[in-house]
Amino acid sequence: MIRDIPFFNYPALYAKQEDDLLPIIQNVLRRGAYIMQSDLDTFETSLARYLNVKHVIGVADGTMALIIGLRASGIGAGDEVLVPSHTFVATAAAVHHAGATPVLVDCARDHLIDSADIERRINDRTRAIMPVQLNGRTADMDKIVNIADRYNLKIIEDSAQALGSKFRNRFAGTFGSAGTCSFYPSKTLGCFGDGGAVITNDDDVADHVKLLRDHGRSMNGEVIEWGYNSRLDNLQAAILNYKLSNYIVEIERRREIARIYNSKLGAISNILLPPGPDDSEDHFDIFQNYEIEVDRRDELRNFLLSKGVRTIVQWGGRCIHQFSALGLNTDVPYTESMTKRFMLLPMNTSLEDEDVHYICETIISFYSH
Ligand SMILES: *Cc1c(COP(=O)(O)O)cnc(C)c1O
């Protein structure tokens, strides 16, 4: 029997929470509380408490969080910033819009930035490393912090996919001068539109972020520098407050799904799996995505589709070095070969265990003939 398994199911996720959400939305609208109101304060405080970090500052989206986080960390014209090629174009675009130059770095087998390759790219213009905590996994930050210390570089984390992920008990986004969140609807903590935040333990960076997100204005309305209109809507903050209260349960469910995938698919030699949720004590992964590398990728995807299982390939199948219009370096061999093999299996909390078993059995049957 064919099961219909969409890659992502927004209406089903909303339906589960509608009874709780409508009164929350109504309450905000009845108060007319739209911009920089108490729900935003509450959300920033609650998220900071969860992440064990001093400051969370809501901004318009995850891309603006990167731009503002870079600028507030002092990155600008003439600076080079090391960015993995296996990421959303927004990571490199943020470096560009901050006035600096992105330099691309290869990824390792876990699909995160390759720290050995970071070191090879450093020259006297290099000012920062921007690790991307991809798919919900935090890189080995001991290695990256060590490199940053030795070469006097800033770390600005693109932790858009890693809210709640940890390395050695420390949350993604809290290792450098700034980290970022995205509340894009498909992210693990998604709102009903665009949203983002900057995370920091540095009081000066936090003050600077608050200026930049609100037209460069200080508390008393004095314009101190050129800023942006980049605030997190109070309505979205109220929705996020509600969703944050159930977030730990959501993450545990994702880890449970990953556990099934890892145990059922682990024996197939044609597949490279991501590290499993219980593989290492150093890593706590939240599985924003479940990304695999496979032989005969396009054939497998078509086979799964014929059995009702929808998969996707991140970034439309192309990493940043492959967008020739951007004119960036292309010498990232592992990433290059990976783009012919990578894909995402369904990973979201509307999946039932039976769905996950069905997906695994379909993959097993594909490789057994
Ligand atoms: C989603 C995402 C962003 C951008 O976030 P938006 O909120 O969509 O602007 C940046 N980097 C990565 C790795 C992402 O996945």
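1. A contact here means heavy atoms within 4.5 Å. With that in mind, take the pairs in contact that sit at least 6 residues apart in the sequence: 70% of them join residues at least 24 apart. Bear in mind as you read on that this is a predicted model.

2. On the overall build, the chain has 12 helices and 13 strands. Its radius of gyration is 21 Å, close to the 21 Å that the globule rule gives for 369 residues, so the chain is as compact as a globular protein of that length. If you'd rather think in box dimensions, the C-alpha trace spans about 70 × 55 × 40 Å along its principal axes.

3. What about inside versus outside? Of the 369 residues in the chain, 56% are buried; the cut-off for that label is under 20% relative accessible area. The accessible surface adds up to about 16,000 Å², and carbon and sulfur atoms account for 50% of it.

4. Now for the sheets. Strands of a sheet pair through backbone hydrogen bonds, and they can do so either parallel or antiparallel. One sheet in this model is open, has 7 strands and mixes its pairing; reading across, the order is E1-E9-E8-E5-E4-E2-E3. At the edges you'll find strand E1 (55-59) and strand E3 (101-105), each with pairing on one side only. From one strand to the next, the twist averages 25 degrees.

5. If you want a spot to look at within that sheet, try E5 (residues 154-157) and E8 (residues 178-182), which pair in the parallel sense over 2 bridges. Glu-157 is the residue standing opposite Gly-179 of E8.

6. Which strands does helix H2 touch? Helix H2 (residues 38-51) packs on the sheet and touches E1, E8 and strand E9 (196-200). The direction of H2 makes about 135 degrees with that of E1.

7. There's also an open sheet of 3 strands, ordered E7-E6-E11, with antiparallel pairing. Its edge strands are E7 (170-171) and E11 (283-284), and each of them pairs on one side only.

8. To find your way around that 3-stranded sheet, start from strand E6 (residues 166-167), which pairs with E11 in the antiparallel sense over 2 bridges. Phe-167 has His-283 in E11 as its bridge partner, a handy pair to pick out on screen.

Technical notes. Residues numbered from 1 in each chain as written. Predicted model: local features only at pLDDT ≥ 70, side-chain atom pairs only at ≥ 80, totals over all residues. Heavy atoms only, no water. Pairing = 2+ DSSP bridges. Helix = DSSP H or I, 4+ residues; strand = E, 2+ residues; numbered from the N terminus. Axes fitted to C-alpha atoms, helices over the stretch in contact; angles between N-to-C directions. Rg over C-alpha atoms; globule rule 2.2 N^0.38 Å. Buried < 20%, exposed > 50% of the residue type's maximum accessible area, 1.4 Å probe, protein only. Areas by Shrake-Rupley, 256 points an atom, 1.4 Å probe, with all protein chains shown as cover.
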